[in-house]
Amino acid sequence: MSLEPELPFEFAVRGTAISLQGSGASKAAWKDAIREAARKALPEGSWLLTEPLAVTIFIFPGAVMQGDVDNRVKPILDAMVRCVYSDDEIVERVVVQKFEPGRVFAFQSPTDTLVSALEADEPIIYIRVTNDLHEELA
């Protein structure tokens, strides 16, 4: 029996976000890590989402991040195709922000998953998928 994933759906991926210009092997490994983290957080046998979605990506690089933040987004969205959602064309809103060390930012009501990402001692990416296209951010 397939279950519809409860939204919002969130998970974290340990590691440094690979750039769109990264090597083929490193991009493939990064996409595999995203898929594995997503599958662990999704209910067993869940459906692929097919409705319009918004994705929030918070990048905690662990050090000053080289390169453009926008080049880190496409590999993340592509990795979730046929794992979280049917096609990335249904993603209508993307919010992305990097949080380099020493830049303090307060979240009003962080979820347990976001708190874990905030407290991580290594590079980590927090990802949230929702069907609420007007949702205010933490």
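The legends below accompany close-up views of a predicted model.

**View 1. The largest nonpolar core and the residues at its heart of contacts.** This core has 31 residues. Those with the most contacts inside it are F11, I34, M80, V84, Y85, I127 and V129. Strands β1 (9-14), β2 (53-60) and β4 (124-130) each supply at least two residues of the core, and so do helices α1 (24-41) and α2 (73-79). If you would like some background for this view, nonpolar side chains tend to be buried together in soluble globular proteins.

**View 2. The surroundings of Y85.** Which residues touch Y85, once its neighbours within four places in sequence are left aside? Y85 is in contact with L48, L49, L53, L77, M80, I90 and V91. M80 appears here as a partner of Y85, and both M80 and Y85 are among the residues with the most contacts inside the largest nonpolar core. Apart from that core lies another one, of 8 residues, including F58, F60, F107 and I124.

**View 3. Strand β4 and its two faces.** How many of the 7 residues of β4 are buried? The count is 7 of 7, so please do not look for an open side here, because "buried" is set at under 20% relative accessible area. On one side sit I124, Y126, R128 and T130, and on the other I125, I127 and V129, with both faces covered. As a reminder for reading this view, side chains in a regular strand alternate between the two faces of the sheet.

**View 4. The strand partners of β4.** β4 pairs with β1 in the antiparallel sense over 6 bridges, and with β2, also antiparallel, over 7 bridges. To find your way along the β1 pairing, start from V13, whose bridge partner in β4 is I125. For the β2 pairing, a handy marker is F60, which stands opposite I124 in β4.

**View 5. The largest pocket.** About 250 Å³ of space lies in this pocket. Its lining is made of 16 residues, and F60, F99, E100, P101 and L118 lie nearest the centre. By type, the lining divides into 10 nonpolar, 2 polar and 4 charged residues. F60 links this view to the previous one, where F60 stands opposite I124.

**View 6. N71 in its loop and D78 in its helix.** N71 lies in the loop between β2 and α2. Is N71 buried or exposed? It counts as buried because its relative accessibility is 15%, and the cut-off for buried is under 20%. Not counting residues up to four places away in sequence, N71 touches I18, S19, L20 and Q21. D78, in helix α2, counts as partly exposed at 23% relative accessibility. Leaving aside neighbours within four places in sequence, D78 is in contact with K31 and D88. The C-alpha atoms of D78 and F107 are separated by 27 Å, with their positions 29 residues apart along the chain.

**View 7. Backbone details at P8 and R82, with K40 for reference.** Where is P8 found? P8 is in the segment before β1, and the peptide bond from L7 to P8 is cis, with omega near 0 degrees. R82, in the loop between α2 and β3 (91-98), has a positive phi near 60 degrees. Most residues other than glycine have a negative phi, and most peptide bonds are trans. R82 counts as exposed at 65% relative accessibility. K40, in helix α1, is exposed too, with a relative accessible area of 66%. K40 and R82 are 15 Å apart, C-alpha to C-alpha, and 42 residues apart in sequence.

Notes:
Residues are numbered from 1 along each chain as its sequence is written. This is a predicted model: local features need pLDDT of at least 70, side-chain atom pairs count only at pLDDT 80 or more; totals for chains, interfaces and linings use all residues. Side-chain values use heavy atoms; hydrogens and water are left out. On a 1 Å grid over the protein atoms alone, a cavity is a set of points where a 1.4 Å probe fits but cannot get out, and a pocket is an open set with protein on both sides within 12 Å along at least five of seven lines; lining residues have an atom within 4 Å of a point. Grid points are joined across faces, edges and corners, and a volume is the space filled by probe spheres set on the points. Ala, Val, Leu, Ile, Met, Phe, Trp, Tyr, Cys and Pro count as nonpolar, Asp, Glu, Lys and Arg as charged, and the others, Gly among them, as polar. A nonpolar core is a set of buried Ala, Val, Leu, Ile, Met, Phe, Trp, Tyr and Cys residues joined through side-chain atoms within 4.5 Å. Buried means under 20% relative accessible area, exposed over 50%, partly exposed in between (1.4 Å probe, protein chains only). Helices (H or I, at least four residues) and strands (E, at least two) are DSSP runs, numbered from the N terminus. Contact means heavy atoms within 4.5 Å. Two strands pair if DSSP finds at least two bridges between them.
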